[in-house]
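Thanks for coming, everyone. I'll put the structure up and walk through a few places in it.

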Amino acid sequence: MIIVGLTGGIGSGKTTVAKQFKKLGVPVYIADVEAKKLMCKSKIIKRKLIQLFGENAYVNDILNKQFIADIIFNDKTFLQKMNAIIHPRVARHFEKWLLKQNAPYIIKEVAILFENGGHSACNYIITVTAPKDLRIKRLLMRDNTTENKILAIMKNQWTDEEKIKHSHYVINNIDMEVVKNQVVDIHKDILKRA
Ligand code: ATP
């Protein structure tokens, strides 16, 4: 099974691009979404997150995202500890998911693919880019966040230039129609290589 990593900086449009691949029938695994589901479903993750962040980590059994985001924003060691709890379990979940797929290739969307070394487990890598100002504008519209918070996350991610150097395909996500055509071309190209 060919694994195609799909990555890009915050708000670049990874999920928007992933949806286009899904429309073509490609199985898509979105690591952030699965991680969030596991944080709600898995008793062991829940217990460990409460040990790390305290009882406020969950409110009525629902993950208290804002509370956790504020702690992480102020102290990066919490992010590392949280990742150490979640990443190995998402990795196992992905392996199980992969065994159930029946397709020439799958797309695995991971926001911090390069930063965590996950790119080495991918056969091909697609990086989604977009101008920084446009990403900030889109994120401010999508999320209840601030420019400062977005900039802080951007600072911890690889630059587009670094990601592009290690990628097989680059999608510059400005115009949706152009992106749709690019996805079709990349899809055909990967099928040829499969
Ligand atoms: P994150 O880093 O938070 O996971 P992401 O990289 O997956 O984000 P998306 O959620 O796909 O990015 O896109 C961010 C926002 O920008 C969304 O609200 C999406 O609808 C919008 N968006 C993405 N691409 C386009 C586009 N080409 N035209 C207009 N809006 C877009």
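Start with N60. This residue is exposed, because just 5 other C-beta atoms lie within 10 Å, and a residue with 12 or fewer counts as exposed. Keep in mind that this is a predicted model. N60 sits in the loop between β3, residues 58-59, and β4, residues 62-63. Look at its backbone. Phi of N60 is near 50 degrees, so positive, in a residue other than glycine. For context, most residues other than glycine have a negative phi.

D61 is in the loop between β3 and β4 as well. Its phi is also positive, about 70 degrees, and D61 is not a glycine either. Buried or exposed? D61 is exposed, with 7 other C-beta atoms within 10 Å.

Now the overall division. The protein chain splits into domain 1, which is 1-27 + 101-194, and domain 2, which is 32-93. Taken over C-alpha atoms, the centres of domain 1 and domain 2 are 24 Å apart.

Next, a helix pair. Helix α3 covers residues 43-53, and helix α5 covers residues 76-99. Their axes come within 10 Å and cross at roughly 175 degrees. That makes α3 roughly antiparallel to α5, because angles over 145 degrees count that way. Which residues of α3 and α5 meet? From α3, we have I45, K48, L49 and L52. From α5, we have K81, M82, I85, I86 and R89. The residues of this contact divide into six nonpolar, three charged and no polar.

On to the core. The largest nonpolar core has 31 residues. Those with the most contacts inside it are V4, L6, V17, A18, F21, I107 and I126. Which elements give two or more residues to this core? They are β1 (2-8), α1 (14-23), β2 (28-30), α2 (31-41), α5, β6 (124-129) and α9 (176-193). β6 gives the most, with four residues. And where is this core relative to the two domains? Domain 1 and domain 2 both give residues to it, so the core lies between them. As background, nonpolar side chains in soluble globular proteins tend to be buried together.

Let me zoom in on V4, one of those core residues with the most contacts. Beyond four places away in sequence, V4 touches Y105, I106, I107, K108, C122, N123, Y124, I126 and I190.

C122 is on that list, so let's follow it. C122 is found in the loop between β5 and β6. This loop residue is buried, because C122 has 20 C-beta neighbours inside 10 Å, and 20 or more is the cut-off for buried. Leaving aside neighbours within four places in sequence, C122 is in contact with I3, V4, G5 and K108. Then there is L6. C122 and L6 are 116 residues apart along the chain, yet their C-alpha atoms are separated by 9.4 Å.

Last stop, N102. This residue lies in the loop between α5 and β5, the latter being residues 105-109. N102 counts as exposed, because it has 7 C-beta neighbours inside 10 Å. N102 also has a distant partner in sequence, P27. The two are 75 residues apart along the chain and 8.5 Å apart in space, C-alpha to C-alpha.

That's my tour. Questions, please.

Definitions and conventions: Residues numbered from 1 in each chain as written. Predicted model: local features only at pLDDT ≥ 70, side-chain atom pairs only at ≥ 80, totals over all residues. Axes fitted to C-alpha atoms, helices over the stretch in contact; angles between N-to-C directions. Parallel < 35°, antiparallel > 145°, perpendicular 65-115°, else oblique. Contact = placed C-beta atoms within 7 Å. Nonpolar A, V, L, I, M, F, W, Y, C, P; charged D, E, K, R; others polar. Core = buried A, V, L, I, M, F, W, Y, C linked by C-beta atoms within 7 Å. Domains from an automatic or database assignment.
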